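Biologist: I am new to this structure and would like a close look at a single part of it, namely the helix that takes part in an aromatic cluster, together with its surroundings. Please take me through it carefully, and say what kind of model we are looking at.

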Amino acid sequence: MTTDFVTAWITRFGELIQENQAMLTELDSPIGDADHGGNMARGMSAAVPALTEAANLEAQLKGLGMTMLSKVGGTSGPLYGTFFLKAAKELGSQTEVSDEVFISALRAGLDGLIGRGKAELGDKTMVDAITPAIEALEAAGDVEHGATKALEAAEAGRDATTPMLAKKGRASYLGDRSIGHQDPGATSATMLFEALAGVVA
């Protein structure tokens with residue numbers, strides 16, 4: 001895993017967010033503030049150009065995390081920001097790491113996200129997509145063989161949020177009315193692994 005790989009991965013993630021901005025906002029309309037697509041698009045537009053200027057992996061993901069914190073509103077900014085900042089800390093000032101270290105960094109990011117958001121599997125959040133995806137990467141042991149499985153796991157986790165009752169975030173205020181809607185955070189998080197699988201392929 002190199003800085004060039006991370007640049008390609010996050011750039012593709014940003015493209016997917018831009019391409020699906022309207023859909024993310026539509027998903028957020030009935031159970032949120034109808035701003036997830038716009039917020040994520042604004043954050044990624046600001047973050048992506050700086051990737052190639054970063055000296056190492058930590059700087060890349062730290063810059064991404066800080067931009068998400070400052071540019072993305074709602075709960076998504078702090079959660080995505082924490083995810084990338086915690087992952088950055090694990091990678092350190094290196095320009096290349098093993099797949100094992102990279103996957104471990106993603107796990108640290110997830111742990112940080114869960115710690116900040118206090119969400120668990122089944123709460124109808126991005127955790128429902130990210131957790132099974134990282135578990136699939138860990139089971140595979142490397143990114144090349146695990147990326148497609150991670151995407152499939154994220155997609156299954158995302159789809160499973162539709163019948164769930166939201167227990168965290170803005171959607172939780174709606175009670176039973178949150179049932180029947182796909183979680184927008186889990187949807188954008190799945191794109192992170194769609195981008196990963198695309199770059200690996």
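Modeller: What follows starts from one helix, α5, and then moves outward to the parts around it.

This is a predicted model, and everything below should be read with that in mind. Helix α5 covers residues 76-91, and its axis comes within 12 Å of the axis of helix α9, which covers residues 184-200, the two crossing at roughly 30 degrees. Because angles under 35 degrees count as roughly parallel, that crossing makes α5 roughly parallel to α9. The crossing of α5 past α9 is right-handed. On the α5 side the contact is made by Y80, F83 and F84, while G185, S188, A189 and L192 take part from α9. Sorted by class, the residues of this contact of α5 with α9 comprise 5 nonpolar and 2 polar, with no charged ones.

The three residues that α5 brings to this contact, Y80, F83 and F84, also belong, along with F13, to one aromatic cluster. In the model as a whole, the count comes to 5 aromatic pairs. One pair lies between F5 and F102, whose ring centres are 6.3 Å apart and whose planes stand at 85 degrees, so this pair is edge-to-face. Since F5 sits in helix α1 (residues 3-19) and F102 in helix α6 (residues 99-117), the pair ties together parts that are 97 residues apart in sequence. F5 counts as buried at 14% relative accessibility, and F102 is buried as well, with a relative accessible area of 1%.

Returning to the cluster, the rings of F13 and Y80 have their centres 6.3 Å apart and their planes at 40 degrees, so that pair is tilted. F13 lies in helix α1 and Y80 in helix α5, and the pair links these distant parts of the chain, 67 residues apart. F13 counts as buried at 0% relative accessibility, and Y80 counts as buried at 1%.

Another residue of helix α5 is T82, which is buried with a relative accessible area of 8%. Residues up to four places away in sequence aside, T82 touches G112, L113 and R116. One of these, L113, belongs to α6 and takes part in the meeting of that helix with α7, a contact that can be described in its own right.

The axes of α6 and helix α7 (residues 127-140) come within 10 Å and cross at roughly 155 degrees. An angle over 145 degrees counts as roughly antiparallel, and therefore α6 is roughly antiparallel to α7. Here α6 passes α7 in a left-handed crossing. From α6 the residues I103, L106, R107, L110, L113 and I114 meet V127, I130, T131, I134, E135, L137 and E138 of α7. By class, this contact of α6 with α7 has 9 nonpolar residues, 1 polar residue and 3 charged residues.

On the other partner of α5, helix α9, it is worth pausing at T190, which lies in that helix and counts as buried at 2% relative accessibility. Apart from neighbours within four places in sequence, T190 is in contact with A129, L151, A154, E155 and R158. For L151, which is 39 residues from T190 along the chain, the C-alpha atoms of the two residues are separated by 6.8 Å.

How values were computed
Residues numbered from 1 in each chain as written. Predicted model: local features only at pLDDT ≥ 70, side-chain atom pairs only at ≥ 80, totals over all residues. Heavy atoms only, no water. Axes fitted to C-alpha atoms, helices over the stretch in contact; angles between N-to-C directions. Helix = DSSP H or I, 4+ residues; strand = E, 2+ residues; numbered from the N terminus. Parallel < 35°, antiparallel > 145°, perpendicular 65-115°, else oblique. Left-handed = near helix turned anticlockwise from the far one by under 90°. Contact = heavy atoms within 4.5 Å. Nonpolar A, V, L, I, M, F, W, Y, C, P; charged D, E, K, R; others polar. Phe/Tyr/Trp six-rings, centres within 6.5 Å; stacked < 30°, edge-to-face > 60°. Buried < 20%, exposed > 50% of the residue type's maximum accessible area, 1.4 Å probe, protein only.
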